[in-house]
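Subject: Structure handover and findings

Dear colleague,

Please find below the structure that I am handing over to you. A summary of what was found in it follows.

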Amino acid sequence: MVVVITAMTVLFIAVVVLMLLRRQLQEKYAVLWIVVGVAMLVLEVSPPLLGWLASAAGVQVPSNLLFFLGIVLLLGVSLHLSWELSRAEDEIRRVAEEVTLLRAEMERITPDVAPTDADDE
């Protein structure tokens, strides 16, 4: 079973690297997921390490520590993506306002020029 989980983790890291190379994933996100993948590999290869981390954190069952860390990671990613989305929405709104102002200025400067049907062809 450990071999299957390790193979899946290696496949996960390979997919992240492939997405990075194809420019489907930005570097800042790829680094996060590669670090998560490497951490998973380390914990899979050395199960006593998870037990030691759990006892150091005061957690009785090592799997509970794993679930807690997973939830914290997902909350962090969710918060970060919400922040990125908010920034993107602000930027889109700003650009849309600039385009509207530029279009109004263009119509003010060239009021006699009207689009013709020949322009569409």
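**Surface patch at the start of the chain**

Met-1, Val-4, Ile-5 and Met-8 together make a nonpolar surface patch of about 440 Å². Please note that the model is a predicted one. Of the patch residues, Met-1 belongs to the segment that precedes helix α1, which covers residues 2-21. Met-1 has a relative accessible area of 74% and is therefore classed as exposed, the threshold for that class being over 50%.

**Annotated spans**

The UniProt record, an unreviewed entry, gives the feature "transmembrane region" at residues 6-22, 29-53 and 65-83. In the model, residues 6-22 are 94% helix and 0% strand, and the C-alpha atoms at the ends of this span are 24 Å apart. For residues 29-53 the figures are 96% helix and 0% strand, with 26 Å between the end C-alpha atoms.

**Aromatic and charge-over-ring contacts**

How many aromatic pairs does a search of the whole structure find? The search returns one. It consists of Phe-12 and Trp-33, whose ring centres are 6.3 Å apart and whose planes meet at 85°, so the arrangement is edge-to-face. The pair joins distant parts of the chain, since Phe-12 is in helix α1 and Trp-33 is in helix α2 (residues 27-45), 21 residues apart. Both rings belong to partly exposed residues: Phe-12 has a relative accessible area of 29%, and Trp-33 has one of 24%.

A contact of another kind involves Trp-83: the charged end of Arg-87 sits over the ring of this residue, 4.7 Å from the ring centre.

**The loop between α1 and α2**

Arg-23 lies in the loop between α1 and α2. Although Arg-23 is not a glycine, its phi is positive, at about 60°. The residue is exposed, with a relative accessible area of 68%. Arg-23 also forms a salt bridge with Glu-27, in which the closest N and O atoms are 3.6 Å apart; the limit for a salt bridge is 4 Å. Its partner Glu-27 is partly exposed, at 47% relative accessibility.

**Further salt bridges**

Side chains of opposite charge can pair when their charged atoms come close. The count of salt bridges in this model comes to six. One of them joins Glu-84 and Lys-28, with the closest N and O atoms 2.8 Å apart. Because Glu-84 lies in helix α4 (residues 62-109) and Lys-28 in helix α2, this salt bridge ties together parts that are 56 residues apart in sequence. Is Glu-84 buried or exposed? Glu-84 is buried, with a relative accessible area of 16%, whereas Lys-28 is partly exposed, at 43%.

Within helix α4, Glu-91 and Arg-94 are three residues apart, about one turn of the helix. Their side chains meet in a salt bridge with an N to O distance of 2.5 Å. Glu-91 is partly exposed, with a relative accessible area of 39%, and Arg-94 is partly exposed at 37%. A network of salt bridges links Glu-91, Arg-94 and Glu-98.

**Two C-alpha separations**

Leu-18 lies in helix α1, and its C-alpha atom is 27 Å from that of Leu-66, 48 residues away along the chain. Leu-20 is also found in helix α1; the C-alpha atoms of Leu-20 and Thr-110, 90 residues apart along the chain, are separated by 46 Å.

Yours sincerely

Methods
Residues are numbered from 1 along each chain as its sequence is written. This is a predicted model: local features need pLDDT of at least 70, side-chain atom pairs count only at pLDDT 80 or more; totals for chains, interfaces and linings use all residues. Side-chain values use heavy atoms; hydrogens and water are left out. Patches are made of residues with over 30% relative accessible area and no salt bridge: like charges are joined within 9 Å, nonpolar side chains (Val, Leu, Ile, Met, Phe, Trp, Tyr) within 5 Å. Accessible areas come from the Shrake-Rupley method with a 1.4 Å probe; for residues, only the protein chains shown count as cover. Helices (H or I, at least four residues) and strands (E, at least two) are DSSP runs, numbered from the N terminus. Buried means under 20% relative accessible area, exposed over 50%, partly exposed in between (1.4 Å probe, protein chains only). Rings of Phe, Tyr and Trp (its six-membered ring) pair if their centres lie within 6.5 Å; planes under 30 degrees apart count as stacked, over 60 as edge-to-face and the rest as tilted. A charge sits over a ring if NZ of Lys or CZ of Arg is within 6 Å of the ring centre and within 35 degrees of the ring normal. UniProt positions are given in the numbering used here, feature names are shortened, and annotations may be inferred rather than shown by experiment.
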